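Reader: I would like a close look at one part of this model, with the charged pairs and the surface around them. Please take it residue by residue.

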Amino acid sequence: RAADGGAEVIVSRGGTALQISRSLPVPVVEIQVSPYDILRCLYQLREYRGIIGITGFRNVVYGCESLGNLLGMQIRQIVVESGEDALEKITDAARRGVGMIIGDAVSVKLASRLGIGGMLVASGKEAVAKAIEEAQKIAEVRMRERERSEILRVVVDNSHDGIVAI
């Protein structure tokens, strides 16, 4: 509906952003998961003594085990590439003693089905503000390009002389 309504850019997160970008001709800016977002989850779990699995794409989970070492927590990075991949990897992590999953909605739902805890990583205001700022820049560039295109169209349509492009 947003694209049909003339949206210049769509801001979304995670798998939804990926699906939108694959199916619509409108630029999509993804709200990234920031290190602050992971830290907020870990802070809430500071009393938890079990193994915590942090799921996500490589850029999301990179460095989380080191972060766990600094905080005195047992962290396992679970790199996923897709929803199907998540089921296999989270099942394997549960078999290896992970008792809590931090991740996206798909990972948390899978964890619940496997009988282990789950905590959704919420994007903080920093990540949302950054995505909105990027979307505004893209919308401005698209608007300027349309204006330039319109000027060129008017020149070409009203020219009585030949035009050569090199």
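Author: What follows is an account of helix 7 and its contacts, with a shorter look at helix 2 for a second case. The model is a predicted one.

Helix 7 covers residues 125–158. Begin with its salt bridges, of which the whole structure has 11. As a general matter, side chains of opposite charge can pair when their charged atoms come close. Arg-146 and Glu-8 form such a pair, with a distance of 2.8 Å from N to O. This salt bridge links distant parts of the chain: Arg-146 belongs to helix 7, Glu-8 to the segment before strand 1 (10–13), and the two are 138 residues apart. Arg-146 has a relative accessible area of 43%, so it counts as partly exposed. Glu-8 is also given as partly exposed, at 22%; the cut-off for buried is under 20%. The pair does not stand alone, as Glu-8, Arg-142 and Arg-146 are linked in a network of salt bridges.

Further along the chain, the side chains of Glu-150 and Arg-153 make a salt bridge at 2.6 Å, N to O. Here both partners are in helix 7, 3 residues apart, or about one turn of the helix. Arg-153 is partly exposed at 41% relative accessible area, and Glu-150 is partly exposed at 38%.

The surface also has a nonpolar patch of about 480 Å², made by Ile-151, Leu-152, Val-155, Val-156 and Ile-163. Val-155, one of these residues, is placed in helix 7. Its relative accessibility is 47%, and Val-155 therefore counts as partly exposed.

Helix 2 gives the second case. Asp-37 and Arg-40 meet there through their side chains in a salt bridge of 2.6 Å, N to O. The two are 3 residues apart in helix 2, so about one helical turn separates them. Asp-37 is buried, because its relative accessible area is 1%, while Arg-40 is partly exposed at 36%.

Helix 2 also has a helical partner. In general, two packed helices are described by the angle between their axes and the distance between the axes. For helix 2 (residues 35–44) and helix 4 (residues 64–71), the axes come within 12 Å and cross at roughly 40°. The two helices are therefore oblique to each other, and helix 2 passes helix 4 in a right-handed crossing.

Note on methods. Residues numbered from 1 in each chain as written. Predicted model: local features only at pLDDT ≥ 70, side-chain atom pairs only at ≥ 80, totals over all residues. Heavy atoms only, no water. Patch = residues over 30% accessible without salt bridge, like charges linked within 9 Å, V, L, I, M, F, W, Y side chains within 5 Å. Areas by Shrake-Rupley, 256 points an atom, 1.4 Å probe, with all protein chains shown as cover. Salt bridge = Lys/Arg side-chain N within 4 Å of Asp/Glu carboxyl O. Helix = DSSP H or I, 4+ residues; strand = E, 2+ residues; numbered from the N terminus. Buried < 20%, exposed > 50% of the residue type's maximum accessible area, 1.4 Å probe, protein only. Axes fitted to C-alpha atoms, helices over the stretch in contact; angles between N-to-C directions. Parallel < 35°, antiparallel > 145°, perpendicular 65-115°, else oblique. Left-handed = near helix turned anticlockwise from the far one by under 90°.
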